[in-house]
Amino acid sequence: AVSGSISRKTDTVARWGGEEFAVLLPYADPRGAGNIALAVREAVEKLGIPHKKTLLARKVLTISIGAATIRPAREKSSLELVALADQVLYAAKSNGRDRIETDFISA
């Protein structure tokens, strides 16, 4: 579902830890990254995978997404982007799950 939501040859999906994934979208602006995040979230929900161990109203598997973008600059590092992505992912989880949170690092 995640891989099927991206279309450019330069985009990449990778497992990042146990239950986390990274979607790398070179040259995507914040709006484009947000649109892809929405497509990914909806594609996973449409799978209809039962989520039997949840206490939430949702009975199918859903995902939370932290979408972070960076305008490349010498003084900005990929580590800052990873840290921001982690921060907004945990914000999505804290703010109710099954949602997308975004942020942007500018030059």
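Helices (H or I, at least four residues) and strands (E, at least two) are taken as DSSP runs and numbered from the N terminus.

**Figure 1. Overall fold of the predicted model.** The protein has 2 helices and 4 strands. Read from the N terminus, these elements follow the order β-β-α-β-α-β. The radius of gyration is 14 Å, close to the 13 Å that the globule rule gives for 107 residues, so the protein is as compact as a globular protein of that length. Its C-alpha trace spans about 45 × 30 × 25 Å along the principal axes. Of the contacts between residues at least 6 apart in sequence, 49% join residues at least 24 apart.

**Figure 2. Surface and burial in the protein.** The exposed area of the protein is about 7500 Å², with 54% of it supplied by carbon and sulfur atoms. Among the 107 residues, 25% count as buried.

**Figure 3. The largest pocket and its lining.** This pocket holds about 1600 Å³ of space. Its lining consists of 47 residues, and those nearest the centre of the pocket are Phe 21, Ala 22, Val 23, Ile 65 and Gly 66. By class, 30 of the lining residues are nonpolar, 10 are polar and 7 are charged. At least two lining residues come from each of β2 (21-24), α1 (30-46), β3 (65-70) and α2 (78-94). Helix α2 gives the largest share of the lining, with 7 residues.

**Figure 4. Close-up of Thr 69 in strand β3.** Thr 69 has a relative accessibility of 8%; because this is under the 20% limit, the residue counts as buried. Which residues is Thr 69 in contact with, leaving aside its neighbours within four places in sequence? The contacts are Ala 28, Asp 29, Pro 30, Ala 33, Leu 81, Leu 84, Asp 103, Phe 104 and Ile 105. Of these partners, Pro 30 and Ala 33 fall within the range of α1 (30-46), and Leu 81 and Leu 84 within that of α2 (78-94).

**Figure 5. Close-up of Leu 24 in strand β2.** Is Leu 24 buried or exposed? Leu 24 has a relative accessible area of 52%, which is over the 50% limit, so Leu 24 is exposed. Not counting residues up to four places away in sequence, Leu 24 touches Thr 10, Asp 11 and Thr 12. One of these partners, Thr 10, is 14 residues from Leu 24 in sequence, and the C-alpha atoms of the two residues are 8.3 Å apart in space.

Note on methods:
Residues are numbered from 1 along each chain as its sequence is written. This is a predicted model: local features need pLDDT of at least 70, side-chain atom pairs count only at pLDDT 80 or more; totals for chains, interfaces and linings use all residues. Side-chain values use heavy atoms; hydrogens and water are left out. On a 1 Å grid over the protein atoms alone, a cavity is a set of points where a 1.4 Å probe fits but cannot get out, and a pocket is an open set with protein on both sides within 12 Å along at least five of seven lines; lining residues have an atom within 4 Å of a point. Grid points are joined across faces, edges and corners, and a volume is the space filled by probe spheres set on the points. Ala, Val, Leu, Ile, Met, Phe, Trp, Tyr, Cys and Pro count as nonpolar, Asp, Glu, Lys and Arg as charged, and the others, Gly among them, as polar. Buried means under 20% relative accessible area, exposed over 50%, partly exposed in between (1.4 Å probe, protein chains only). Contact means heavy atoms within 4.5 Å. The radius of gyration is taken over C-alpha atoms; the globule rule is 2.2 Å times the number of residues to the power 0.38. Accessible areas come from the Shrake-Rupley method with a 1.4 Å probe; for residues, only the protein chains shown count as cover.
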